[in-house]
Amino acid sequence: MDVDSVSSKSPLKRRRLLFSKAKLKAVSRTSALLSGFAMVAMVEISLDDHKNSKGSAPLLVVYSIITCLLVGVHLLALMISTCILPQLEADSLLGYEEYASHETMHIYIELAWILSTGFGIFLFLVEIAIVCWVKFYYVTRPAAVATTIVIVPVIILFCIFSLHFYRRLVSFKLSRHQDALNEIENTLTVGKLAQANIV
C-alpha cells in the first residue's frame, strides 16, 4: 500500500507523519553540524596563553561546561532522531494507516526538535562568545568585548523569535483542533437531526 492511497483516508495523520519526518531530518543535520563545530573549536583552540594564569581559570571552566553541554545536547537530539527516523520512514513506505510509532514517539520527536533547534542553537551562540573570550582574553580584550556586544543582541533576537514562533505555532494548532472539534460537533448535530427526522 502506498502513502498516497493512505492520504485520502487520513490526510491529517499523513501530514503529521511527514512533518515529524521533516523535523527529525532537520534535527539530524543541525545537531551533527553544530556538535561537529563545537568539537573542532574545542580541539583547535589554543590555550597556551592561559597556562600560567590563574585568573583565567573561571573562564576556562565556563568554556568547558558550555562546550560539553553543547555537544551533549546535540548528540542526544541526534541519537533520538537517528533512532526514530528509520521507523517513521518504514511507516510511510509501508503505508500504515495508524502510524502507531509516530503517535507514540511524538514526545521524543518534540524533545529532539527543542533540544536541537532551541536549546542547542542558544548554547552555540553562547559558545561563540565564550570562544572569543578564551581566544582574545590575553591578546586584545576589546575584541572579546566587541564579540559580546555583537552576540548579546543576536541571542536576544533568537530568544524573541523562538518565543514568538512557538506562540504562533501553539495558536495555529489550537485553532486547527477547534476547527476539527467544530466539524465533529456539526456532523453529530446533523446526524442527530437526520435520525430524529427518520423517527
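This briefing describes the salt bridges and the annotated transmembrane spans of one structure. The model is predicted, and three salt bridges are found in it. Two of these pairs share a partner, so that Lys 21, Lys 25 and Glu 89 belong to one network, while a further salt bridge brings together the side chains of Lys 23 and Glu 110.

**Spans listed in the record**

- In an unreviewed entry, UniProt lists residues 59-86, 107-138 and 144-166 under "transmembrane region".
- Residues 59-86 are 100% helix and 0% strand in the model, and the C-alpha atoms at the two ends of this span lie 41 Å apart.
- Residues 144-166 are likewise 100% helix and 0% strand, with 32 Å between the C-alpha atoms at the ends of that span.

**The network around Glu 89**

- Lys 21 and Glu 89 form a salt bridge in which the closest N and O atoms are 3.6 Å apart. Because Lys 21 lies in helix α2 (residues 11-44) and Glu 89 in helix α3 (residues 57-94), this pair ties together parts that are 68 residues apart in sequence.
- Glu 89 also meets the side chain of Lys 25 in a salt bridge, with an N to O distance of 3.4 Å. This second pair links distant parts of the chain, since Glu 89 is in helix α3 and Lys 25 is in helix α2, 64 residues apart.
- Through the shared partners of these salt bridges, Lys 21, Lys 25 and Glu 89 are joined into one network.
- Within this network, Lys 21 is buried, with a relative accessible area of 11%, whereas Glu 89 is partly exposed at 24% and Lys 25 is partly exposed at 35%.

**The pair of Lys 23 and Glu 110**

- The side chains of Lys 23 and Glu 110 meet in a salt bridge at 2.5 Å, N to O. Lys 23 lies in helix α2 and Glu 110 in helix α5 (residues 106-136), so this pair ties together parts that are 87 residues apart in sequence.
- Lys 23 is buried, its relative accessible area being 4%, and Glu 110, at 18% relative accessibility, also counts as buried, because buried means under 20% relative accessible area.

**Background to the pairing**

- As a general point, side chains of opposite charge can pair when their charged atoms come close.

Note on methods
Residues are numbered from 1 along each chain as its sequence is written. This is a predicted model: local features need pLDDT of at least 70, side-chain atom pairs count only at pLDDT 80 or more; totals for chains, interfaces and linings use all residues. Side-chain values use heavy atoms; hydrogens and water are left out. UniProt positions are given in the numbering used here, feature names are shortened, and annotations may be inferred rather than shown by experiment. Helices (H or I, at least four residues) and strands (E, at least two) are DSSP runs, numbered from the N terminus. A salt bridge is a side-chain nitrogen of Lys or Arg within 4 Å of a carboxyl oxygen of Asp or Glu. Buried means under 20% relative accessible area, exposed over 50%, partly exposed in between (1.4 Å probe, protein chains only).
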